[in-house]
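Dear colleague,

I am handing over a structure that you have not worked with before, and I would be glad if you could look through it with the notes below at your side.

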Amino acid sequence: MQSCEISSDSTDDPLSSGLRIHRQPRIVVIGAGLAGLAATKILLKNGFTDVSVLEASDHIGGRVQSVQHGKATLELGATWIHGANGNPVYHLAEDNGLLEHTTDGERSVGRISLYTKNGVAHYQTNVGKRIPKDLVEEFSDLYNEVYELTQEFFKNGKPVCAESQNSVGVFTRDVVRKKIMVDPDDSESTKKLKLSMLQQYLKVESCESSSPSMDEVSLSEFGEWTEIPGAHYVIPEGFMKIMELLAQDIPSHTICLRKPVRCIHWNYSAQHQEVITKSSDDNHNENNHSSQPVMRGHPIGVECEDEEWIMADHVIVTTSLGVLKQNHEAMFSPSLPEDKVLAVEKLGISTTDKIFLEFEEPFWSPECNSIQFVWEDEAQLEQLAYPEELWYKKICSFDVLYPPERYGYMLSGWICGQEALYMERCDDETVAETCTELLRRFTGNPDIPKPRRILRSSWGSNPYIRGSYSFTRVGSSGADCEKLAMPLPYANSTKAPPLQVLFAGEATRLMEMYQDLNSAETTKPNI
């Protein structure tokens, strides 16, 4: 394990004079995911030399996890580069040749739906019948029409009616149902099929939003997030290649793996001056490995799980919202301000998991790109939540991975919400058997063999992740995201050293703050 020893021999003045500091500031980045590595790379590129990254797990990447499987790379986490125009991740991939072998099936224009690609989605019911393609297209047009309406509330400032409960799910279900029921050309059986398809579409939408249910997603804020223009791309060699590119210019000793943080003691020097006096009497070593830190003017003490203390001027926190929800009370001393805690509590995060099944031979037809599970008995349900023993009913679909020359005969299933956590508690054998029974039931083919291999994600139960990605929950807004991003202490705290605790994406603030320091040192890049 790498050592996290940081030089403690500075005798310069502490950061107590506002924005001026006459030594290299000591910066600790918590998390070696995309945000943490990007912030670190930017800081190092702009002349900051005293930077350390603390990563709780035994690898970099965060919610990027690429698993090599024969010729293929399977993505348990991030899969798509969303949009090309001006997207730094796209340009990094393109400039380094990572998209040279991306196939047409791994390139999508417009709104993607999980693994949308060339071919035809087979919508199968729980009685083993395939819904006719023209009926699927007819319903899809209706659903997409209503989806566009959900975008209007934020984009055009339309008021949200009380009946919708400011919920994307409630609004969508209500409007689509009314449109279905008033269609004079549809039989009762056709209407029932369309109502059942609506529930399946909402499950897919929940996976994309990483919400337990679209009922929890804010209607008034749903249109706030806009996609970067341009196509979406899959990286055949794996999204982890992006992480490796970011890490290649970061000295290996800078990144400390297996280094979970217990608590960030900010405003530390101001609150614990007695430690400075006591430290010299207790014969603490120079490298701060003791349970109490040697104070040398740094306002922050980062207390790690292994009892090491690392003193810093600034800490950039890139942990997930799920980890903040679970641990913020113990993770910060003093506690986070009440308004920031409220933002953490109001915003939503849930789990979206993938289940990869590999088969010896395909049981699906060559034109089939996915198998969508439509439960006819769910047509009139209001809540798509299931008890633990029925977790499998939340699986919305299995996508066929193309091309078979790369992936073999591989399906990728999707499940989200509490049901994903139930799935994570099961062993591989149970999940493989359950998924096989589902596929037999919905395709009407009792001879489908068990898969030769299963691989699945477990983002919800990972103690260093606690969820896939965040969403704007009913009652929250983009203002909560902005509040969460505000550095501590707040600007109106004039006596405290500024920018002690920053949150993901905040490296730019530090570069602006230290512009005078860096421009004065001719050996450093001029910012």
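Please keep in mind that this is a predicted model. I begin with Glu433, which has a relative accessibility of 40% and therefore counts as partly exposed, since that class lies between the buried limit of under 20% and the exposed limit of over 50%. The side chain of Glu433 forms a salt bridge with that of Lys450, at 3.7 Å from N to O. This pair links distant parts of the chain, with Glu433 in helix α13 and Lys450 in the loop between α13 (428-443) and β20 (453-456), 17 residues apart. Lys450 is partly exposed as well, with a relative accessible area of 37%.

Helix α13 itself deserves a closer look. Its 16 residues should span 22 Å at 1.5 Å a residue, and the C-alpha atoms at its ends are 22 Å apart, so the two values agree. The buried residues in α13 are Val431, Ala432, Thr434, Cys435, Thr436, Leu438, Leu439 and Phe442. When you read that list, it may help to recall that an α-helix has 3.6 residues a turn, so residues three or four places apart point the same way. Just after α13 comes Gly444, which takes a positive phi of about 75 degrees.

How many salt bridges does the model hold by the rule used here? The count comes to 29 salt bridges, and besides the pair already described I would point out two others and one network. Asp249 and Lys41 meet through their side chains in a salt bridge of 3.7 Å, N to O. That pair too links distant parts of the chain, for Asp249 lies in the loop between α6 (240-247) and β9 (255-256), while Lys41 belongs to helix α1 (residues 34-45), 208 residues apart. Lys41 counts as partly exposed, because its relative accessibility is 23%. As for the network, salt bridges that share partners join Arg173, Arg177, Asp215 and Glu382 into one.

The other pair is Glu106 and Arg406, whose side chains meet in a salt bridge at 2.4 Å, N to O. Here Glu106 sits in the loop between α2 (88-95) and β6 (107-108), and Arg406 in helix α11 (residues 404-407), so that the pair links distant parts of the chain, 300 residues apart. Are these two partners buried or exposed? Glu106 counts as buried because its relative accessibility is 4%, and Arg406 is likewise buried, with a relative accessible area of 15%.

The surroundings of Glu106 can be described further. Its side chain also makes a polar contact of 3.0 Å with the side chain of Tyr407. Leaving aside residues up to four places away in sequence, Glu106 touches Trp80, His101, His232, Tyr233, Val234, Pro236, Tyr402, Pro403, Arg406 and Tyr407.

Two of the residues in contact with Glu106, Trp80 and Val234, lead on to a sheet, where Trp80 stands opposite Val234 in β8. Three strands form this open sheet, in the order β5-β8-β6, with antiparallel pairing. The edge strands are β5 (80-81) and β6, each of which pairs on one side only. Between β5 and strand β8 (residues 232-234), which run antiparallel, there are two bridges.

With best wishes

Technical notes: Residues numbered from 1 in each chain as written. Predicted model: local features only at pLDDT ≥ 70, side-chain atom pairs only at ≥ 80, totals over all residues. Heavy atoms only, no water. Salt bridge = Lys/Arg side-chain N within 4 Å of Asp/Glu carboxyl O. Helix = DSSP H or I, 4+ residues; strand = E, 2+ residues; numbered from the N terminus. Buried < 20%, exposed > 50% of the residue type's maximum accessible area, 1.4 Å probe, protein only. Expected span 1.5 Å × (residues − 1). Pairing = 2+ DSSP bridges. Polar contact = N/O pair within 3.5 Å; in protein donor to acceptor, adjacent residues only side chain to side chain. Contact = heavy atoms within 4.5 Å.
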